[in-house]
Amino acid sequence: MFNAPMKGISLIFLAIFFSSILTPLAFSEPIPKKDAQLIGEYTAAMIVAGRGVVARNQDLINDPTKGDKGFTPDFVQTQMLKDFKKITGKDLSELSPPVQQVLKQVINAAKMSVQMNQQRINKPGVGFKMYIPAVFGRETGQILKARTNINIKQTTFKYRNAYNQPDSFEKQILKKFKAPDYPKGKGYGEFINGRYRYMRPIYIKKACLKCHGSPKGAKDISGHIKEGYKEGDLRGAISVSFPVH
Ligand code: HEC
């Protein structure tokens, strides 16, 4: 289709295009052990913030009467940073450079998920579009995993998506979170096999019940089977892991 010089030129354009979208997600170095705990906690908090932004805007995203929703990567970034501050009491700018660097990568991955879903989100005439907190969180983790050595997963025993199934460490900590005497909401972190692994429990809120609640076994709006959870039940955890030195 193209003659040789044209092919060369289009390849250069392609290379520039891809390097420009991938640069913010450059491969990251192992993280100093002293920063690991904070990075684990704050990374999980950033995902909780992002999930909350999607949840808060769910009716807008699902509105069939609207085309352009303004649910853009920049909008999501601004909201995520506000919610991150509410959760942690910190502005990104107050944090040390290694912590900021990881959190910026998390935000960039989140923005990329929002960017990739713009067409779906802005499609008029469609109600439920399957862009929900769990999908946002899974995609953000998948993008990060592909481009950095930071792993983020939303995991649980009763997983709907096989990608989210717990590994042996995650199973062990989920069990710990489930124990009746475990302090509600408390995260857990550990150095293991050259990595820091951190998990933050997630509980069922009222808004989750329409898909994860009762009647157990009935289909929800996404076509999945409701698990029969009740408000306050442990739903799973955000699991963060990265190499340390
Ligand atoms: C509109 C229906 C819907 C609502 C509301 C909903 N979820 Fe989900 N949830 C899903 C679907 C669908 C998946 C599987 C997504 C995927 O493909 O990764 C899922 C997956 C998850 C997962 C990942 C583990 C898994 O099952 O694969 C977690 C954790 C989760 N949801 C928690 C919540 C919490 C907490 C709430 C309330 C704040 C909530 N969900 C509200 C539909 C919903």
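Hi everyone, let's start with helix α4, residues 73–88: its 16 residues reach 22 Å from the first C-alpha to the last, close to the 22 Å expected at 1.5 Å a residue. Please keep in mind that this is a predicted model.

So which residues of α4 are buried? They are Val 76, Met 80 and Phe 84. These cover an arc of only 70° around the axis, which puts them on the same side of α4. Turn to the other side of the helix and you'll find Asp 74, Thr 78 and Lys 86, which are exposed. As for the partners, the buried residues of α4 pack against α2, residues 33–56, and α5, residues 97–116. Right after α4 comes Gly 89, with a positive phi near 75°.

Now on to helix α7, residues 133–147. With 15 residues at 1.5 Å each, α7 should span 21 Å, and its end C-alpha atoms are indeed 21 Å apart. The buried residues here include Pro 133, Ala 134, Phe 136 and Gly 137, and further along the helix Thr 140, Gly 141, Ile 143 and Leu 144 are buried too. What covers them? The cover over the buried residues of α7 includes α2, α5 and the strand β1, residues 151–155.

That brings me to β1 itself. This strand is largely enclosed by the rest of the structure, because 4 of its 5 residues are buried. And how does β1 pair with β4, residues 234–243? The two strands run in the antiparallel sense, over 5 bridges. If you'd like a spot to look at on screen, find Thr 155, which stands opposite Ala 237 in β4.

Thanks for listening, everyone!

Definitions and conventions. Residues are numbered from 1 along each chain as its sequence is written. This is a predicted model: local features need pLDDT of at least 70, side-chain atom pairs count only at pLDDT 80 or more; totals for chains, interfaces and linings use all residues. The expected span of a helix is 1.5 Å times one less than its number of residues. A residue is buried if 20 or more other C-beta atoms lie within 10 Å of its own, exposed if 12 or fewer, and partly exposed in between; C-beta atoms are placed from the backbone. The arc is that of the directions from the helix axis to the C-beta atoms. Two residues are in contact if their C-beta atoms, placed from the backbone, lie within 7 Å. Two strands pair if DSSP finds at least two bridges between them.
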